[in-house]
Amino acid sequence: MSITVHFDHADGGQEELEVELEQSIRDAAVSAGVPGVDGECGGQLNCATCHLYVDEEFTGHLPAMSDLEDAMLDATASPREPRSRLSCQIRATPELAGCRFGIPESQY
């Protein structure tokens, strides 16, 4: 089973992606070649290059942010916002169907 999520690129482009339930948004995006979701550390919570802006409508459906993720978000290349999360820490759930993820202008 899968859900559909949407990515909004900094240049105004958009794309949608089918993500298997329980797969990380980072893994799905990297596997599909979504530009701007780099995840250089392979999803190990070491680099912050999978930074995304989560649609405010869906932030309440995400797991609580760990202290490590919170610290990593302080080191992102693009500005951190209240809705910033690392996509390696977000697993696809039915509640995230239709979620829009904004891709920051830069990950480096």
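# A guided tour of the predicted model

Among contacts in the protein between residues at least 6 apart in sequence, 63% join residues at least 24 apart. The model is a predicted one, and the stops below follow the residue numbering of the chain, which begins at 1.

**The whole chain**

Begin with the entire protein in a cartoon view. It contains 2 helices and 5 strands, and from the N terminus on these elements run β-β-α-β-α-β-β. The radius of gyration is 12 Å, close to the 13 Å that the globule rule gives for 108 residues, so the protein is as compact as a globular protein of that length. Along the principal axes, the C-alpha atoms fill a box of roughly 35 × 30 × 25 Å.

Next, switch on the surface. The protein exposes about 5,500 Å², of which carbon and sulfur atoms supply 46%. Of the 108 residues, 42% are buried.

**The nonpolar core**

Hide the surface and select Val5, Phe7, Val19, Ile25, Val37, Leu86 and Phe101. These are the residues with the most contacts inside the largest nonpolar core, which has 27 residues. At least two residues of this core come from each of strand S1 (2–8), strand S2 (14–20), helix H1, strand S3 and helix H2 (67–73).

Keep Val5 selected and display what surrounds it. Which residues does Val5 touch, not counting residues up to four places away in sequence? They are Glu15, Glu16, Leu17, Val19, Ile25, Leu96, Cys99 and Phe101.

**Helix H1**

Move to helix H1, residues 25–32. Select Ile25, Arg26, Ala28 and Ala29, which are buried in this helix. Looking down the axis of H1, one finds its buried residues within an arc of 165°, so they line one face of the helix. An α-helix has 3.6 residues a turn, so residues three or four places apart point the same way. The cover over the buried residues of H1 includes S1, S2, S3 and S5.

Now isolate Arg26, which lies in helix H1. Is Arg26 buried or exposed? Its relative accessibility is 10%, and Arg26 therefore counts as buried, the cut-off being under 20%. Leaving aside residues up to four places away in sequence, Arg26 touches Val37, Asp38, Gly39, Gly42, Gly43, Cys50, Ser87 and Cys88.

Follow the chain out of the helix and select Gly33. Just after H1, this glycine takes a positive phi of about 75°.

**The loop between H1 and S3**

Continue along the chain to Leu45, which lies in the loop between helix H1 (25–32) and strand S3 (51–54). The phi of Leu45 is near 60°, a positive value in a residue other than glycine. Leu45 counts as buried, at 10% relative accessibility.

In this part of the tour, select Ala48 as well, which lies in the loop between H1 and S3. Ala48 has a positive phi of about 65° although it is not a glycine. With a relative accessible area of 3%, Ala48 is buried.

**Glu20 in strand S2**

Turn to Glu20, whose place is in strand S2. At 44% relative accessibility, Glu20 counts as partly exposed. Add Ala92 to the selection and draw a distance between the two C-alpha atoms. Glu20 and Ala92 are 72 residues apart in sequence and 6.7 Å apart in space. Ala92 is also among the residues that Glu20 touches, together with Met1 and Ser2, when residues up to four places away in sequence are not counted.

**Tyr108**

For the last stop, select Tyr108, located in the segment after strand S5 (100–102). Its relative accessibility is 59%, and Tyr108 counts as exposed. Which residues is Tyr108 in contact with, leaving aside its neighbours within four places in sequence? The partners are Asp38, Glu40, Thr49 and Ala77.

Show the side chains of Tyr108 and Glu40 together. A polar contact of 2.8 Å joins these two side chains. Finally, add Ala75 and draw one more C-alpha distance. Tyr108 and Ala75 are 33 residues apart along the chain, and their C-alpha atoms are separated by 9.9 Å.

Methods: Predicted model: local features only at pLDDT ≥ 70, side-chain atom pairs only at ≥ 80, totals over all residues. Heavy atoms only, no water. Helix = DSSP H or I, 4+ residues; strand = E, 2+ residues; numbered from the N terminus. Buried < 20%, exposed > 50% of the residue type's maximum accessible area, 1.4 Å probe, protein only. Core = buried A, V, L, I, M, F, W, Y, C linked by side-chain atoms within 4.5 Å. Contact = heavy atoms within 4.5 Å. Polar contact = N/O pair within 3.5 Å; in protein donor to acceptor, adjacent residues only side chain to side chain. Rg over C-alpha atoms; globule rule 2.2 N^0.38 Å. Areas by Shrake-Rupley, 256 points an atom, 1.4 Å probe, with all protein chains shown as cover. Arc of directions from axis to C-beta.
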